[in-house]
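Me: I'm new to this one and would like to learn how to read it. Could you walk me through it, a feature at a time?

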Amino acid sequence: MIVKPIQRVLEWAAGHADEGRYSPVGIVFHWTMAVLVLFQLFWGWLMNQLRVGGDMVAAYDLHYAIGVLMLVLALARLGWRLLAPGPINDADKPGWQSIVAHVTAWVFYICLLGLPLTGWAMISATAREQQPELLWLVKFPLMPMQELTNSQRWAIEAVAEWMHWGLIVTLLVLIPMHVGAALKHHFIDRDDVVHGMLPVLPQLPRRRTRWQRRWLAMETWVGSRARGLWRRFRDR
């Protein structure tokens, strides 16, 4: 009874992938997470500008609630991606750009899962009175740290906070790279990558432009320089 509806949904998603597009489910996951990530980065910065008091507590409560939502969505999105892989498009062409794209995608998953998990660990360690809620409806359980000593919980909080900031910095580096790569694919390469994630955006005609020629020339120059430096380093 349950297997057939799941098979139909996966076949429906595969139909979109065969046409070179992500399924509507994948598109909604992508853009919802993008909006939440940008909001959390802005809200996290804003919280550090507030003075200790009721406004700061309310700001942290909102940050916690959205973090829990992001954790649930990230797990759901990862499950959907494993069950219904996205399309094979021009970003999958053999070469260093394809390798970077796939590595970047999985580092994004590490950040999207790691940030709420480290935040959850910080709350569970030293702020157990602030239990987060999922969609302000369901209490989200804290990690079982109540039996630990104060020194142990503070050590966990310190490590989790360090990891939290490290993942934030990683996101701040990845987001411009991701946006820049998407713009390159659409305006310079004129391929189907952005169109697959944003079907309402018309795909530009595939023709060689001066920007594409300049990019290829720069890529060739950088590649030759890198190979030259590597040979010098290897021959030492």
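**Reading the fold, step by step**

Reply: Let's start with one residue: Thr 118 is buried, because its relative accessible area is 7%, and buried means under 20%. Keep in mind that this is a predicted model.

Me: Where does Thr 118 sit, and what does Thr 118 touch, leaving out residues up to four places away in sequence?

Reply: Thr 118 is part of helix H4. Setting aside residues up to four places away in sequence, Thr 118 touches Ala 160, Met 163, His 164 and Leu 167.

Me: And Gly 119, is that one buried or exposed?

Reply: You use the cut-off again: under 20% relative accessible area is buried. Gly 119 has 16% relative accessibility, so it counts as buried. Gly 119 also lies in helix H4. Its C-alpha atom is 7.6 Å from that of Tyr 64, although the two residues are 55 apart along the chain.

Me: Let's step back. How many helices and strands does the protein chain have, and in what order do they run?

Reply: Count the elements, then read them from the N terminus. The protein chain has seven helices and two strands. Their order is α-α-α-α-β-β-α-α-α.

Me: Why is the protein chain called more spread out than a compact globule?

Reply: You compare its radius of gyration with what the globule rule gives. Here the radius of gyration is 22 Å, well over the 18 Å given by the rule for 236 residues, so the protein chain is more spread out than a compact globule. Along the principal axes, its C-alpha atoms fill a box of roughly 65 × 60 × 35 Å.

Me: What share of the residues is buried, and how much area does the chain expose?

Reply: Of the 236 residues in the protein chain, 35% are buried. The chain exposes about 15600 Å², and carbon and sulfur atoms supply 69% of that.

Me: What about the charged side chains?

Reply: Look at the counts and at where the two sets are centred. The protein chain has 24 positive and 17 negative side chains, with the centres of the two sets 13 Å apart.

Me: Which residues have the most contacts inside the largest nonpolar core?

Reply: A core like this is a set of buried residues joined through side-chain atoms. The largest one has 26 residues, and those with the most contacts inside it are Met 33, Val 37, Met 70, Leu 112 and Leu 171. Helices H2 (24–47), H3 (54–83), H4 (96–126) and H5 (150–189) each give two or more residues to this core. Its largest share, eight residues, comes from H3.

Me: Can we zoom in on Leu 112? What does it touch, not counting residues up to four places away in sequence?

Reply: With those left out, Leu 112 touches Met 33, Val 37, Met 70, Ala 74 and Arg 77. Apart from the largest core lies another of five residues, among them Ala 121, Met 122, Ala 125 and Ala 160.

Me: How do I spot places where the chain comes back to itself?

Reply: Set separation in sequence beside separation in space. Among contacts between residues at least 6 apart in sequence, 64% join residues at least 24 apart. Take Leu 69, in helix H3: Leu 69 and Leu 135 are 66 residues apart in sequence and 6.9 Å apart in space, C-alpha to C-alpha. Leaving aside neighbours within four places in sequence, Leu 69 is in contact with Leu 36, Leu 134 and Leu 135.

Me: Last one: is Trp 136 buried or exposed?

Reply: Trp 136 is exposed, because its relative accessible area is 52%, and exposed means over 50%. Trp 136 is in the loop between strand E1 (133–134) and strand E2 (138–139). Not counting residues up to four places away in sequence, Trp 136 touches Leu 62 and Ala 65.

Notes. Residues numbered from 1 in each chain as written. Predicted model: local features only at pLDDT ≥ 70, side-chain atom pairs only at ≥ 80, totals over all residues. Heavy atoms only, no water. Rg over C-alpha atoms; globule rule 2.2 N^0.38 Å. Buried < 20%, exposed > 50% of the residue type's maximum accessible area, 1.4 Å probe, protein only. Contact = heavy atoms within 4.5 Å. Areas by Shrake-Rupley, 256 points an atom, 1.4 Å probe, with all protein chains shown as cover. Lys, Arg positive; Asp, Glu negative; His and termini not counted. Charge placed at Lys NZ, Arg CZ, Asp CG, Glu CD. Core = buried A, V, L, I, M, F, W, Y, C linked by side-chain atoms within 4.5 Å.
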